[in-house]
Protein chains: 2
Amino acid sequence: MKEAKEDRLKLAGWRVGGAGDFLDLTPEEAAFAELKLALAFYLRELRGERGWTQSQVARRLRSSQSRVAKMEAADPSVSLDLLVRSLLALGASRADVGRVIVRAA
Amino acid sequence: MKEAKEDRLKLAGWRVGGAGDFLDLTPEEAAFAELKLALAFYLRELRGERGWTQSQVARRLRSSQSRVAKMEAADPSVSLDLLVRSLLALGASRADVGRVIVRAA
DNA sequence: GCTCTGTATGTCAGTTGTGACATATGCTGT
DNA sequence: ACAGCATATGTCACAACTGACATACAGAGC
């Protein structure tokens, strides 16, 4: 009954291996950006699995649709705290979060 | 040559399995606290391995000794962002951070 | 006892992150 | 073309975090 296959994680313009390859980032900054990006994509994936809209997720997180959109886009204005808390609130386990980080691009 | 065995991670008053067992935290809050605590301990461990003082670490992070102390204590006033950025700056890899989270208490 | 070094705790002004709102873009069905 | 829904982007008042400083505490060596 749940047709949660509709989204497919656009993958818009990510042709390169990691995040921040074409910007002059220090190794730490690059690693941090990759980490954040991986969690952002995972958030979108989780939401897709659940078949929810950004607005539904926002309600669940007591946040707003626009902030959810920014989270999934790994916008500079979203913190790791918010990202991780959101994943946990969507049902991911602490270990799930860790695994996503380990396997990040 | 490196006698980095001297610290031993006090483990002060942590007798229970996870963090926040005796406080009324929701599962997400508890998972988040555990995650943060695990990273905090890892920071202390890394610093111990390197044989550095909090002040030395602070200089390296362009922060202050007091903030480093708070990081290691998983003080509510420190963000995951700061914790993770600091670990990366101390030489931990993205995967190291992920593994620590996976294995958190 | 005192001093020195390292760590912990409290406070605060400046910076950054947050939710909310408005608005824009994109897509699907009609 | 238009309406309706989902998502994206910009802005802003308010809340949270940050580095710095002062100060307190703990232990080692004298």
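# Exercises on a helical two-chain model with DNA

Chain A holds five helices and zero strands. Helices (H or I, at least four residues) and strands (E, at least two) are DSSP runs, numbered from the N terminus. The model is predicted: local features need pLDDT of at least 70, side-chain atom pairs count only at pLDDT 80 or more, and totals for chains, interfaces and linings use all residues. Residues are numbered from 1 along each chain as its sequence is written, while chains are lettered from A and ligands numbered from 1 in the order in which they are written.

## Exercise 1: chain A as a whole

Give the pattern of chain A, its buried share and the share of its contacts at 24 or more positions.

Solution.
- Step 1. Along the sequence the pattern is α-α-α-α-α.
- Step 2. A residue is buried if 20 or more other C-beta atoms lie within 10 Å of its own, exposed if 12 or fewer, and partly exposed in between, with C-beta atoms placed from the backbone. Chain A has 105 residues, and 30% of them are buried.
- Step 3. Two residues are in contact if their C-beta atoms, placed from the backbone, lie within 7 Å. Take the contacts in chain A with a separation of 6 or more: residues 24 or more positions apart account for 63% of them.

## Exercise 2: helix H4 of chain A

Which residues of H4(A) are buried, and what covers them?

Solution.
- Step 1. The buried residues are Leu83(A), Val84(A), Ser86(A), Leu87(A) and Leu88(A).
- Step 2. Their cover includes H1, H2, H3 and H5 of chain A. From chain B, helix H1 (27-50) and H4 contribute to that cover too.
- Step 3. Gly91(A) follows H4(A), with a positive phi near 105°.

## Exercise 3: two positive phi values outside glycine

Where do Arg62(A) and Ala74(A) lie, and is each one buried, partly exposed or exposed?

Solution.
- Step 1. Arg62(A) sits in the loop between H2 and H3 of chain A. Its phi is near 55°, a positive value in a residue other than glycine.
- Step 2. Arg62(A) is exposed, because 7 other C-beta atoms lie within 10 Å.
- Step 3. Ala74(A) sits in the loop between H3 and H4 of chain A. Its phi is positive, about 55°, although Ala74(A) is not a glycine.
- Step 4. Ala74(A) has 19 other C-beta atoms within 10 Å, so it is partly exposed.

## Exercise 4: the surroundings of Leu46(A)

Place Leu46(A) and list what it touches beyond four places in sequence.

Solution.
- Step 1. Leu46(A) belongs to helix H1 of chain A.
- Step 2. It counts as partly exposed because it has 18 C-beta neighbours inside 10 Å.
- Step 3. Leaving out residues up to four places away in sequence, Leu46(A) touches Leu87(A), Leu90(A) and Ala92(A).
- Step 4. Leu46(A) and Ala92(A) are 46 residues apart in sequence, but 8.2 Å apart in space, C-alpha to C-alpha.

## Exercise 5: chain A against chain B

How many residues of each chain are in contact, and which element of chain A gives the most?

Solution.
- Step 1. The contact joins 21 residues of chain A to 21 residues of chain B.
- Step 2. On the side of chain A, H1, H4 and helix H5 (94-102) each give two or more residues.
- Step 3. H5(A) gives the most, with seven residues.
- Step 4. For classes, Ala, Val, Leu, Ile, Met, Phe, Trp, Tyr, Cys and Pro count as nonpolar, Asp, Glu, Lys and Arg as charged, and the others, Gly among them, as polar. The side of chain A that touches chain B then divides into twelve nonpolar, three polar and six charged residues.

## Exercise 6: the surfaces near the DNA

For strands C and D, name the closest residues and the element with the largest share.

Solution.
- Step 1. A residue is near a strand if its C-beta atom, placed from the backbone, lies within 6 Å of it.
- Step 2. Strand C has 18 residues around it, and Ser66(A), Ser79(A), Leu82(A), Thr53(B) and Ser66(B) come nearest. H3(B) supplies the largest share, five residues.
- Step 3. Strand D is surrounded by 18 residues; Thr53(A), Ser66(A), Ser66(B), Ser79(B) and Leu82(B) are the closest. Here the largest share, five residues, comes from H3(A).
- Step 4. The surface near strand C has four nonpolar, ten polar and four charged residues. The surface near strand D has four nonpolar, ten polar and four charged residues.
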